Amino acid sequence: MADVLIEVEAVNYSYRLSENCSIRALNQVNLKLERGEFVALIGQNGSGKSTLAKLLNGLLCPTSGEVRVSGLSTRERAHIKAIRADVGVVFQNPDNQIVSTVVEEDVAFGPENMGIPPAEIKKRVEWALETLHMLEYKHEFTSSLSDGQKQLVAIAGVLAMKPACIVLDEPTALLNPQSRQDVLHVLKKLNREEGITILLITHFMQEAIAFDRIVVMADGKICMDGPPREIFRQPGRLAQLGMDLPLPLQLALKLKEEGFPLPPDILTAEELVNHLCQLRS
Ligand SMILES: Nc1ncnc2c1ncn2[C@@H]1O[C@H](COP(=O)(O)OP(=O)(O)OP(=O)(O)O)[C@@H](O)[C@H]1O
Ligand SMILES: [Mg+2]
């Protein structure tokens, strides 16, 4: 039986700007995340992705509808501590999340707030930094790290809380391609080896295709939800929603227009090259 971790049910969210003016950011959103899922959330600017992320651990409370984590509603303030222990959120800019001057202190901050005993915190900090290949930096000043390393420290801080799920809101947006790869690699490892549910918000289609499931938002609604191959088989629909296609798929579609008999769901450069080589032989 499916083990549901997060349930978003008929959620509306409006930002209240003044007494008679508000912006509707989420419109009847329904979403279920099962334990162990590896999901990418994509959508145009302003489509509601970050708002949804903030609702998942109770940073925001739905205007109507309900978000439940392990069955606990985020509406109940008494549940918030347990919910935040289950769902950790990492944001785009690590500078806004790093709170201590030294790496190991920063990673310890979350578990300390949870009231974990010091000996256990020490173990978790070592484990989290080691998992993210950052152990050698544990005594460094956080200010001396690169953006990519800071983001890994921010993820380590969440990891040290041993959450069931990590939600990452464009954590790679400020990173160079190598650091972006490192972060993605780590996320996959946390998912596959530690069973941690991952929800990654990204603008990079090439990142999204590495996930098992892609959820597409537009205008405060979830418009598409499925495995990458199914999602990218609908290029017309994605274009309507203002989304790019992965570059190898763009090339494959152009080649198809020129008469090359290629399948409609090519996602990676490797797949494209393999199909072209098969045509040649
Ligand atoms: N603090 C806020 N106050 C008022 N309106 C907001 C606030 N945050 C977001 N909004 C509005 O809510 C809507 C959804 O914004 P949100 O930030 O959730 O989108 P997003 O998909 O994360 O966009 P991006 O890709 O640019 O990060 C947008 O219309 C945005 O302008
Ligand atoms: Mg956002």
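Two strands count as a pair if DSSP finds at least two bridges between them. I'm writing that down before anything else, and also that I'm working with a predicted model.

**Entry: the sheet**

I started with strand E1, residues 4-18, and checked how it sits against E2. 10 bridges join the two, and they run antiparallel. I then picked out residues that face each other: Glu7 of E1 stands opposite Lys32 in E2, and Ser14 is across from Arg24 in E2. Getting from E1 to E2 takes a hairpin, with two residues in the link.

Next I asked myself in what order the four strands of the open sheet come. I read off E2-E1-E4-E5, with antiparallel pairing. Strand E2 (21-34) and strand E5 (72-73) are at the edges with a single partner strand each, so one side of each has no neighbour in the sheet.

**Entry: helix H10**

Then I moved on to H10, which spans residues 247-257. Which of its residues are buried? I noted Pro248, Leu249 and Ala252. They lie on the same side of H10, because the arc they cover around the axis is only 95 degrees. A reminder to myself: an α-helix has 3.6 residues a turn, so residues three or four places apart point the same way.

What covers the buried residues of H10? The cover includes helix H8 (228-232) and helix H11 (269-280). Flipping to the other side of H10, I found Lys254 and Glu257 exposed.

Last look: just after H10 comes Gly259, and its phi is positive, about 100 degrees.

Note on methods:
Residues numbered from 1 in each chain as written. Chains lettered and ligands numbered in written order. Predicted model: local features only at pLDDT ≥ 70, side-chain atom pairs only at ≥ 80, totals over all residues. Buried ≥ 20, exposed ≤ 12 C-beta atoms within 10 Å, placed from the backbone. Arc of directions from axis to C-beta. Contact = placed C-beta atoms within 7 Å.
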